[in-house]
Structures are given as C-alpha cells and as structure tokens.
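Okay everyone, thanks for squeezing me in. Let me put the structure up, and then I'll walk you through the inside of it.

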Amino acid sequence: MTKAKTPFIINETAGTKYYCKCGKSKNLPYCDGSHQGTEVLPFKVEIDVARTVAICSCGQSKNLPFCDGTHKG
Ligand code: FES
C-alpha cells in the first residue's frame with residue numbers, strides 16, 4: 001500500500017519565491033535550477049506577507065503550486 005503524498009508546509013517569508021515544477025530539484029519544494037536543459041520553468045510566486053503555505057507534492061492540485069486537498073483522494 002502506498003502512502004499518499006502530503007504537501008510541504010512552510011512558514012514562508014515575504015518575497016518572490018520559485019517553486020519546482022520539474023520535480024528534479026534537490027531542494028524541494030524550491031527550484032534549484034535542475035530544470036535547465038528542459039522547457040519547464042519553475043512556478044514564480046509573490047508572497048506578499050509572511051504566512052504559512054502548503055505547496056503541493058502530489059502534482060494533482062488544480063491550484064499549483066499550492067495544495068488544494070486533492071492528494072486526499
Ligand atoms: S499535495 Fe495536496 S493536492 Fe497535491
């Protein structure tokens with residue numbers, strides 16, 4: 001039985017964030033540049049004020065890069 005993926009819960013600081021879209025980053029959920037050589041670009045998100053965010057790790061969310069609860073099946 002496989003365990004459902006759950007989101008990355010991050011106490012995020014304000015500023016511009018780049019979250020991985022290609023899945024190859026060694027610093028998930030952040031982009032580390034591993035997408036280079038592909039046509040995939042990271043999600044660029046402006047976080048206006050420091051807050052807790054849930055970043056999708058299952059790839060099924062309809063509100064990427066944020067978790068929308070779809071991982072619960
Ligand atoms: S981890 Fe929650 S929808 Fe993907």
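Quick bit of vocabulary: by a nonpolar core I mean a set of buried Ala, Val, Leu, Ile, Met, Phe, Trp, Tyr and Cys residues joined through side-chain atoms within 4.5 Å. And keep in mind that this is a predicted model.

So, which residues make up the largest nonpolar core? There are eight of them: I10, Y19, F43, V45, I47, V53, I55 and F66. Two elements, β3 and β4 (51-55), each put in two or more residues. β3 is the top contributor, with three.

Let's zoom in on V53. Skipping residues up to four places away in sequence, V53 touches F8, I9, I10, E12, Y19, I47 and F66.

Next up, Y19. It's buried, at 0% relative accessibility. On aromatic pairs, the count comes to one. That's Y19 with Y30: the ring centres are 5.5 Å apart and the planes sit at 25°, so we call the pair stacked, the cut-off being under 30 degrees. Y19 is in strand β2 while Y30 is in the loop between β2 and β3, so the pair ties together parts 11 residues apart in sequence. Y30 itself is partly exposed, at 23% relative accessibility.

Back to F43 for a second: K21 lies over the face of that ring, 4.8 Å from its centre.

Last one, H35. Where is H35 found? It's in the loop between β2 (15-19) and β3 (43-47). Is H35 buried or exposed? Its relative accessible area is 13%, so it counts as buried, since the limit is under 20%. Leaving out neighbours within four places in sequence, H35 contacts C22, V40, L41 and P42.

Note on methods. Residues are numbered from 1 along each chain as its sequence is written. This is a predicted model: local features need pLDDT of at least 70, side-chain atom pairs count only at pLDDT 80 or more; totals for chains, interfaces and linings use all residues. Side-chain values use heavy atoms; hydrogens and water are left out. Helices (H or I, at least four residues) and strands (E, at least two) are DSSP runs, numbered from the N terminus. Buried means under 20% relative accessible area, exposed over 50%, partly exposed in between (1.4 Å probe, protein chains only). Contact means heavy atoms within 4.5 Å. Rings of Phe, Tyr and Trp (its six-membered ring) pair if their centres lie within 6.5 Å; planes under 30 degrees apart count as stacked, over 60 as edge-to-face and the rest as tilted. A charge sits over a ring if NZ of Lys or CZ of Arg is within 6 Å of the ring centre and within 35 degrees of the ring normal.
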